[in-house]
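User: Please take a close look at the aromatic ring pairs in this model. I would like the geometry of individual pairs, their burial, and then whatever can be said about the pocket and the strands.

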Amino acid sequence: MNYIKHLTGFFDKVVSDKSLNPTHISLYIGLFQYWNVNRFQNPISITRNEIMSISKIASKATYHKCMRDLHDNGYIKYEPSYNPFKGSMVILFNLAEDAEPVQKKDNTSKKILPINEQVAYKQQTSNDTSNEQALVSSINNTNNTNDLNLLENKNQFLKNQNKSAKEEKSAAKKEEKNSPTIEEVKTYFQENNFPEIEANKFFNYYSNNGWLIGGKTPMQNWKTASQNWMLNYNKFNPTESPTKTNHLTTTTNKDYSEPL
């Protein structure tokens with residue numbers, strides 16, 4: 001059994017067999033490896049899990065279909081056992097005879113021409129070659145197409161780059177609009193009769209977290225956020241109630257002999 005000739009014959013058949021796909025080839029190579037391990041003795045006993053593992057076939061349905069196709073096309077003879085505890089039998093046919101022999105070049109038959117004939121033959125070959133090249137324009141067309149594709153890709157890249165720059169500029173303007181200065185905050189708080197210290201607290205808090213609401217959502221309107229700040233200030237800092245009279249302490253002299 002010639003290992004190389006057999007595989008050569010197999011791949012010669014694969015070229016002309018349009019019904020085979022890469023899964024068939026992978027399955028056959030897996031079977032061939034098991035045949036090689038068994039010293040090319042027929043038949044060989046196989047198990048489905050082992051062959052699926054070595055041929056990288058994950059589907060049982062695909063495995064059985066490819067086995068039937070190889071059997072029907074004459075690559076193997078498959079005899080399933082239909083018993084999970086008993087291996088199936090496979091016979092691999094010798095394909096070494098189908099391999100096409102490679103013909104060696106015969107250098108001895110090459111005729112040596114005289115010098116004058118060699119020069120004339122060289123000129124004739126050069127002219128023939130130049131004429132043939134003149135007829136072939138597909139290479140130039142391909143190069144022109146490639147140049148056009150490169151130009152289109154370059155223009156598209158520049159457009160995308162300009163678009164990204166515009167989007168970044170727009171986002172920067174929007175962020176600048178929604179992030180006021182400390183003076184603007186102080187002025188707005190004064191207009192709403194709020195102390196300057198609260199304006200500083202508001203500005204410091206949101207400028208430190210990037211002007212995000214809840215630490216996640218970008219602030220859309222800082223004046224609206226400042227209104228919420230003022231409402232929360234009134235909620236957690238209510239106006240002080242009038243001082244209640246403490247009857248246990250008094251500055252006046254009290255007569256303790258009088259009944260209460």
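Analyst: This is a predicted model. A pair of aromatic rings is described by the distance of the centres and the angle of the planes. The structure holds 19 aromatic pairs. One of them joins Phe194 and Tyr233, with 5.5 Å from centre to centre and 70° between the planes. Planes over 60 degrees apart count as edge-to-face, and the pair of Phe194 and Tyr233 is assigned to that class.

Phe194 sits in the loop between α7 (182-191) and α8 (196-208), while Tyr233 belongs to helix α9 (residues 222-236), so this pair ties together parts that are 39 residues apart in sequence. The two partners can also be described by burial. Phe194 has a relative accessible area of 13% and is buried; Tyr233, at 25%, is partly exposed. The cut-off for buried is under 20% relative accessible area.

A further pair is made by Phe202 and Trp211: the ring centres are 6.1 Å apart and the planes stand at 65°, so this pair is edge-to-face. Both Phe202 and Trp211 are buried.

These four residues also belong to a cluster linked by ring pairs, whose members are Phe189, Phe194, Phe202, Phe203, Tyr205, Tyr206, Trp211, Trp229 and Tyr233.

Another contact with a ring involves a charge: Lys13 lies over the face of Tyr75, at 5.3 Å from the ring centre.

Next, the pocket. The largest pocket has a volume of about 430 Å³. Its lining consists of 19 residues, and those nearest the centre are Arg48, His64, Tyr78, Tyr82 and Ser88. Two or more lining residues come from each of α3 (48-55) and α4 (60-72). Helix α4 gives the largest share, six residues. By class, the lining has eight polar, seven nonpolar and four charged residues.

Finally, the strands. Side chains alternate along strand β3 (residues 88-92): Ser88, Val90 and Leu92 point to one face and are buried, whereas Met89 and Ile91 point to the other and are not. Ser88 of this strand is also among the residues nearest the centre of the largest pocket. Strand β3 pairs in the antiparallel sense with strand β1 (residues 44-46) over three bridges, and Ser45 stands opposite Met89. Strand β2 (residues 76-79) is likewise antiparallel to β3, over four bridges, with Lys77 standing opposite Ile91.

How values were computed:
Residues are numbered from 1 along each chain as its sequence is written. This is a predicted model: local features need pLDDT of at least 70, side-chain atom pairs count only at pLDDT 80 or more; totals for chains, interfaces and linings use all residues. Side-chain values use heavy atoms; hydrogens and water are left out. Rings of Phe, Tyr and Trp (its six-membered ring) pair if their centres lie within 6.5 Å; planes under 30 degrees apart count as stacked, over 60 as edge-to-face and the rest as tilted. Buried means under 20% relative accessible area, exposed over 50%, partly exposed in between (1.4 Å probe, protein chains only). A charge sits over a ring if NZ of Lys or CZ of Arg is within 6 Å of the ring centre and within 35 degrees of the ring normal. On a 1 Å grid over the protein atoms alone, a cavity is a set of points where a 1.4 Å probe fits but cannot get out, and a pocket is an open set with protein on both sides within 12 Å along at least five of seven lines; lining residues have an atom within 4 Å of a point. Grid points are joined across faces, edges and corners, and a volume is the space filled by probe spheres set on the points. Ala, Val, Leu, Ile, Met, Phe, Trp, Tyr, Cys and Pro count as nonpolar, Asp, Glu, Lys and Arg as charged, and the others, Gly among them, as polar. Two strands pair if DSSP finds at least two bridges between them.
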